[in-house]
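Dear colleague,

Please find below the structure that I promised to pass on to you. My notes on what was found in it follow directly after.

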Amino acid sequence: MKTKTEETSSIKIYSEDDFKGLKKAGSLAARTLEYIEKLIKPGVKTNFIDEVANKFLNDHGAFSAPLFYRGYTKSICTSINHVVCHGIPSDQTLKEGDIINIDITSILNGYYGDTSKTFSVGNVSIEAKKLIQLTYESMMEGIKILKPGITLGDIGFAIQSFAESNNCSVVRDFCGHGVGKTFHEEPNILHYGKKGEGLTIKKGMVFTIEPMINLGEYHTKVLSDGWTAVTKDKSLSAQFEHTVGIIDNGYEIFTL
Ligand code: MF3
Ligand code: CO
Ligand code: CO
C-alpha cells in the first residue's frame, strides 16, 4: 500500500488486452498466496515463506515487485499481529495464535498483480477470528459496489461504515493505489470517506482495495527499520487486498 500523498491528475485507462495481462499477473499472485498457505504454522520463519514465494513466482516466469523496490530487500511482506503492513520477513518464527498478513505482488510480462490475505497460525482468539472475517468483508463491501460512475468516496464510505459499525477502526496512513504497468499509480484509494466525494471511477481503471482494520484505534507508526508499520496502541490489525479493473457494468477481480 501507499503512504498517502496529494492527488494529482493522470490516471491510466487500461485496454482489454491489458486486462488479459493483468489477470494473468493477478492470478499468479493469488496462486502464490495459495501455495504458501501450507507453511503458515507454528515454528516457521517468515524468511522461509519469503524464499518459497519468490521461487514460486520465478518458476512461473514472474518477479517479485517488492524485491529491491525503494530499498526493500525481501520479496513479500509479512505483517504479524499488531503490524499493520510492510512487515519485513526475518528469522522470526510464527507462534500458535498469531495472525499474519502475507502481501504478494507479482510482475508478469510487465503487468503487476497485488494481493494479500490474513491467515491464522493454528488456533487464534475469537477476537482475532472476528477481525480477520470483518476485514475480508470490509474489502468486499468496497469491491461489490464498483462500476463506472461511482466515486472514490463511495468506496471509502462502504468500507469505513462497515468496519466502524463492527466496532473496529480503519487505518488512515496507508491506502490502496492505482496499479497496472507500474506498482503504485494514481489514484490513492482511501478506505474511509464520504459518499459522492472524490473522483469518479471510469471503465479501464485498475486499482487495489486493501483495507487495514484495527481492533483498537486507527493510529499507526513506522518502526526504525523504515518499513514496519504498527498500531500505536499495539492492537491487532488485519488486511486483505485485491487488484480490480473497472468494466462496463461493474468490475473484474484480477487476483482470484
Ligand atoms: N504490496 C504492497 C502494497 O499493497 C506494497 C509493498 S511495498 C514493499 O502496495 F516494498 F514494502 F514491499
Ligand atoms: Co497494494
Ligand atoms: Co500489496
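**Notes on the structure**

At 21% relative accessibility, E141 counts as partly exposed, because the buried class ends under 20% and the exposed class begins over 50%. Please bear in mind throughout that this is a predicted model. The side chain of E141 meets that of K144 in a salt bridge, with 2.9 Å from N to O. Both residues belong to helix α3 and sit three residues apart, which is about one turn of the helix.

**Other salt bridges**

The count of salt bridges comes to nine. One of them joins K20 to D17, whose closest N and O atoms are 3.9 Å apart. These two residues also share a helix, α1 (residues 16–36), and are again three residues apart, about one turn. K20 counts as exposed at 57% relative accessibility, and D17 is exposed as well, with a relative accessible area of 55%.

Another salt bridge is formed by D18 and K181, with the closest N and O atoms 3.6 Å apart. This pair links distant parts of the chain: D18 is in helix α1, while K181 is in the loop between β8 (174–178) and β9, 163 residues away. D18 counts as buried at 10% relative accessibility, whereas K181, at 43%, counts as partly exposed.

**The two cobalt ions**

How far apart are the cobalt ion (ligand 2) and the cobalt ion (ligand 3)? They are separated by 3.3 Å, and D114 coordinates both.

The protein donors of ligand 3 come from D103, which is listed twice through OD, D114 (OD) and E241 (OE), and they lie 2.1 to 2.3 Å from the ion. Along the chain these donors follow the spacing D-x10-D-x126-E. D114 lies in strand β6 (residues 111–120) and E241 in the loop between β14 (237–239) and β15 (242–247), so this pair ties together parts that are 127 residues apart in sequence. Both D114 and E241 are buried.

Ligand 2 is coordinated by D114 (OD), H177 (NE2), E210 (OE) and E241 (OE), at 2.0 to 2.3 Å. The arrangement of its six donor atoms is irregular because they subtend angles of 52 to 159 degrees. E210 is in the loop between β10 and β11 and D114 is in strand β6, so these two residues tie together parts 96 residues apart in sequence. Like D114, E210 is buried.

**Helix α4**

Helix α4 (residues 152–165) has 14 residues and reaches 20 Å from its first C-alpha to its last, close to the 20 Å expected at 1.5 Å a residue. Of its 14 residues, 10 are buried, so the helix is largely enclosed by the rest of the structure. Among these buried residues are L152, I155, I159 and F162. The buried residues of α4 pack against several elements, including α3 (126–144), β9 (185–189) and β10 (206–209). After α4 comes N167, whose phi is positive, near 65 degrees.

**Residue E252**

Finally, E252 has its place in strand β16 (residues 250–253). It counts as partly exposed at 22% relative accessibility. Setting aside neighbours within four places in sequence, E252 is in contact with F19, K23, T243, V244, G245 and I247. With K23 there is also a polar contact between the two side chains, at 3.0 Å.

With kind regards

Technical notes
Residues numbered from 1 in each chain as written. Chains lettered and ligands numbered in written order. Predicted model: local features only at pLDDT ≥ 70, side-chain atom pairs only at ≥ 80, totals over all residues. Heavy atoms only, no water. Donors = N, O, S within 2.8 Å, 3.2 Å for Na, K, Ca; no water. Helix = DSSP H or I, 4+ residues; strand = E, 2+ residues; numbered from the N terminus. Buried < 20%, exposed > 50% of the residue type's maximum accessible area, 1.4 Å probe, protein only. Expected span 1.5 Å × (residues − 1). Contact = heavy atoms within 4.5 Å. Tetrahedral: all angles 85-135°; square planar, octahedral: opposite > 155°, others 65-115°. Polar contact = N/O pair within 3.5 Å; in protein donor to acceptor, adjacent residues only side chain to side chain. Salt bridge = Lys/Arg side-chain N within 4 Å of Asp/Glu carboxyl O.
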